[in-house]
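Here is a short guided tour for anyone opening this structure for the first time. Take a moment to turn the view around, then read on.

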Amino acid sequence: MSISRRNFLKGALAGGTLLATGGPAEARPNKTMPDEALGLLYDSTTCIGCKACVAACKEVNDMPPEFSTEEQLWDTPLDISGKTLNIIKVYKDGSSEIKDSEKDGHAFMKVSCLHCVDPSCVSACPVSAMTKDPVTGIVGYDKDACIGCRYCVAACPFGVPRFQYDKALPQITKCQLCRHRLPEGKYAACAEVCPTGATLYGKVKDLHAEAKRRVALKPGEETKFPRGNLNTHDQSPHTAKAAKYLPQIYGEKEVGGTQMLKLSAVPFEKLGMPTLPERSYAATSETMQHTLYGNALVLPLAFLGALTYVAKRNVKHDDDADDDKK
Amino acid sequence: MSASHNQPAPLGGPLWTPTTQVLAALVAVAGVILLVRFLFGIGAVTNVNDGYTWGIWVVYDVVIGSAFACGGFSVALLVYIFNKGEYHPMVRPALLASLFGYTLAGAGVIFDLGRYWNFWHIFWPGYAQPNSVMFEVAVCISAYILVMWIEFSPAFLEKLGMKDVKKKLNKALFLIIALGTLLPSMHQSSLGSLLVVFGYQVHPLWQTMLLPLLYLMTALAIGFAVVIFEACLSSSGFRRPLEMHLLGKLSKVMLGMLAAYLAIRFGDLLVRGALGGMFVPGIEALMFWIETALFVAPLVLLWNEKSRKQPAKLFVAASCLMLAGFILRINSYLVGYETGPGWHYFPSVSEIMVSVGMIALEILGYIVLVRYLPILPGSGAAAATNK
């Protein structure tokens, strides 16, 4: 018995050596944004809460109305859900009179997929139903691949992917930046219908430059806000006075960056946007998995080798005893 | 003591008893609820929502259910890897319970998968996504279920009198056993790793890079506890003598594992500076204390040699440990999980009844099989009085 134990330790040691020579798996860094990545810039200060984007989103994505009032007359979603991909929420404080004021004020926030540069949902999905387009960076969903495990729903740090609990044949739902309209030469419906340019569509690098320009504006300074598509300038700009922007572009760094950038005058935390680290959770999780299972399964195979060796000795002994009894 | 004394033998006895009738009724109730679920969606019978998309069908049926099914893993590790041949009579009963636990956990996944008809994608190149922890869990659990059926097949082969096949199988059994210890090590740890990608959504008392180690160690400790628990129950249920000398020693192994676990658990909390979280009044701190008390209880109960010889104390200690593992998993997946304000979850009655039905099916299957197949160590006198 003591021999087997020694052999077990020897086997374990051999496995350890194999692991050491195989080298530790490199920490998986955050993924980087494609050059031509597409996205949205949402400016809470120019949003007037008209919810035209909510209605347009429903229409182009063929989503049913959702009711929260007694008379079920209008589409009145309170949150994104299996029936709603995009919504405008409102923050209120005190008398809620002053727009974009944290105290006694109100402010709007768009809730929809942020199209992370290194998305948790893509890392979590076991069947490649959530994917990130290598060119546009759009995080897309393929219902035909999906098994409905809802790991993406649980994993997303923004609580974006939703599930249809009321259907026998359900799907995951999330904003896909109207990727089905791109081949028709169209772009995200929410940006197309926004009357003030609060939701602006374009390449992320251009949107980022525009966001930086706005943050640098003096409060009260008159300026032109592009509307619709920043790349084609398909709509005339909207002229208004700059708000007192926070010096922060939400989505610039959060969990490795997102392709939807957000500006606000009221702290993002108050508007329901969580404060997040720069390292993506996908990178943390995959570093762990690659450390344990990377390098062509070196660690499990070495462990299996040691176990097989020891089991072979011990089981043989066991069989002999069995045969003696018979 | 003759050599044949420890050879596994069918227990015999009646199958249609009040106990099995109640169990069968519970299984039928679960069946009806599941029919409703498949016709009208998951929301029709459960309380899961987008804030708590995983309810007890995942956290209990799979995460906890598979941990409770670790008896076979723990005992096989002890017998075949650490060569403690004296525990050999425990292998088959433990393996049977594991087989049932895992097979049902695997089957139970189907109820919770929204698009269950696509489940094979997980194993299909082109769909399979190996960076996903869920992928690792699914593949590993499926492989382990297969391995366990092979590991257990000698019991069927004996019954069917297929001695040749059994002999051939015995030659390769060492490989099956090695896989049968590797695979649960992998997926039991991964059930902890699943939470890592949730990031800030899991409370610091539970979110740690050591989750895989904590889940693996508790799965092993639970494995030993379950063996003790089941030995006590089946000895009283089938009126068989308890193998006290083995159980006492087994409990010592269990305590060792438990002490090591607690040292690592608290060391990790200390190093991460998360220890303070248990003094912040709230449901998280309360549940953390309950979890910890339950992990410490077996150590207190069985600290001295004498207590380890008392069946009642062994039973209570094993139950505490199982409950501790249960609460640890509930805490890390549900209590400590917070995805934003306004979300609440508590399982619905029908949701609970499905889990209860699964447990009933497990017990029912166990009763039927030990009466019919050579699983429990044969004990001439007891078997005779029972017939």
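In this predicted model, 56 residues of chain B are in contact with 54 residues of chain A. Which elements of chain B give two or more residues to the side that touches chain A? They are H1, helix H3 (71-81), helix H5 (133-160) and helix H6 (163-193) of chain B. Of these, H6(B) gives the most, with 10 residues. Sorted by class, this side of chain B has 32 nonpolar, 21 polar and three charged residues. For the complex, the predictor gives an ipTM of 0.91 and a pTM of 0.90.

**Helices that pack in chain B**

Let us now look inside chain B, where three pairs of helices can be set side by side.

| Helix pair | Crossing angle | Axis distance |
|---|---|---|
| H1(B) and H11(B) | about 140° | 8 Å |
| H3(B) and H7(B) | about 100° | 7 Å |
| H7(B) and H10(B) | roughly 140° | within 8 Å |

Begin with H1(B), which spans residues 18-40, and H11(B), which spans residues 349-372; these two helices pack at an angle of about 140°. That angle makes H1(B) oblique to H11(B), and their crossing is left-handed. On the side of H1(B), the contact is made by Thr20(B), Leu23(B), Ala24(B), Leu26(B), Val27(B), Val29(B), Ala30(B), Ile33(B) and Leu34(B). Among the residues that H11(B) brings to this contact are Ser350(B), Met353(B), Gly357(B), Leu361(B), Leu364(B) and Ile367(B). By class, the contact of H1(B) with H11(B) has 17 nonpolar, three polar and no charged residues. H1(B) has appeared before in this tour, as one of the elements on the side of chain B that touches chain A.

H3(B) is another of the elements on that side, and H3(B) also packs with H7(B), a helix of residues 211-237. How are H3(B) and H7(B) turned to each other? Their angle is about 100°, and the two helices are therefore roughly perpendicular to each other. Gly71(B), Phe73(B), Ser74(B) and Val75(B) in H3(B) meet a group of residues in H7(B) that includes Leu220(B), Gly223(B), Phe224(B) and Glu230(B). Here the classes come to six nonpolar, three polar and one charged residues.

H7(B) has a further partner in H10(B), which covers residues 311-335, and the axes of H7(B) and H10(B) cross at roughly 140°. H7(B) is thus oblique to H10(B), and H7(B) passes H10(B) in a left-handed crossing. From H7(B), the residues in this contact include Thr218(B), Ala221(B), Ile222(B), Ala225(B), Phe229(B) and Cys232(B). They meet residues of H10(B), among them Pro311(B), Leu314(B), Phe315(B), Ser319(B), Met322(B) and Leu328(B). The contact of H7(B) with H10(B) divides into 14 nonpolar, three polar and no charged residues. Val226(B) of H7(B) takes part in the contact with H3(B), and Val226(B) also takes part in the contact with H10(B).

**The two domains of chain A**

Turn next to chain A, where the domain assignment gives domain 1 (2-29 + 282-313) and domain 2 (38-278). Taken over C-alpha atoms, the centres of domain 1 and domain 2 of chain A are separated by 44 Å. The contact takes four residues from domain 1 of chain A and five residues from domain 2 of chain A. On the side of domain 1 that touches domain 2, the residues are two nonpolar, one polar and one charged.

**How confident is the prediction?**

Chain A averages a pLDDT of 90, with 89% of the residues scoring at least 70. Over residues 12-24 of chain A the pLDDT is below 50, and this stretch has 14 contacts in the model beyond near neighbours in sequence. The pLDDT also stays under 50 over residues 318-326 of chain A, where the model has six contacts beyond four places in sequence.

For chain B, the mean pLDDT is 90, and 96% of its residues reach 70 or more. Where in chain B is confidence lowest, and where is it highest? Helix H12 (residues 380-386) of chain B is lowest at a mean of 40, while helix H9 (residues 283-301) of chain B is highest at 97. Over residues 380-387 of chain B the pLDDT stays under 50, and the model has 14 contacts beyond four places in sequence for them.

Conventions
Residues numbered from 1 in each chain as written. Chains lettered and ligands numbered in written order. Predicted model: local features only at pLDDT ≥ 70, side-chain atom pairs only at ≥ 80, totals over all residues. Axes fitted to C-alpha atoms, helices over the stretch in contact; angles between N-to-C directions. Helix = DSSP H or I, 4+ residues; strand = E, 2+ residues; numbered from the N terminus. Parallel < 35°, antiparallel > 145°, perpendicular 65-115°, else oblique. Left-handed = near helix turned anticlockwise from the far one by under 90°. Contact = placed C-beta atoms within 7 Å. Nonpolar A, V, L, I, M, F, W, Y, C, P; charged D, E, K, R; others polar. pLDDT = per-residue confidence, 0-100. Domains from an automatic or database assignment.
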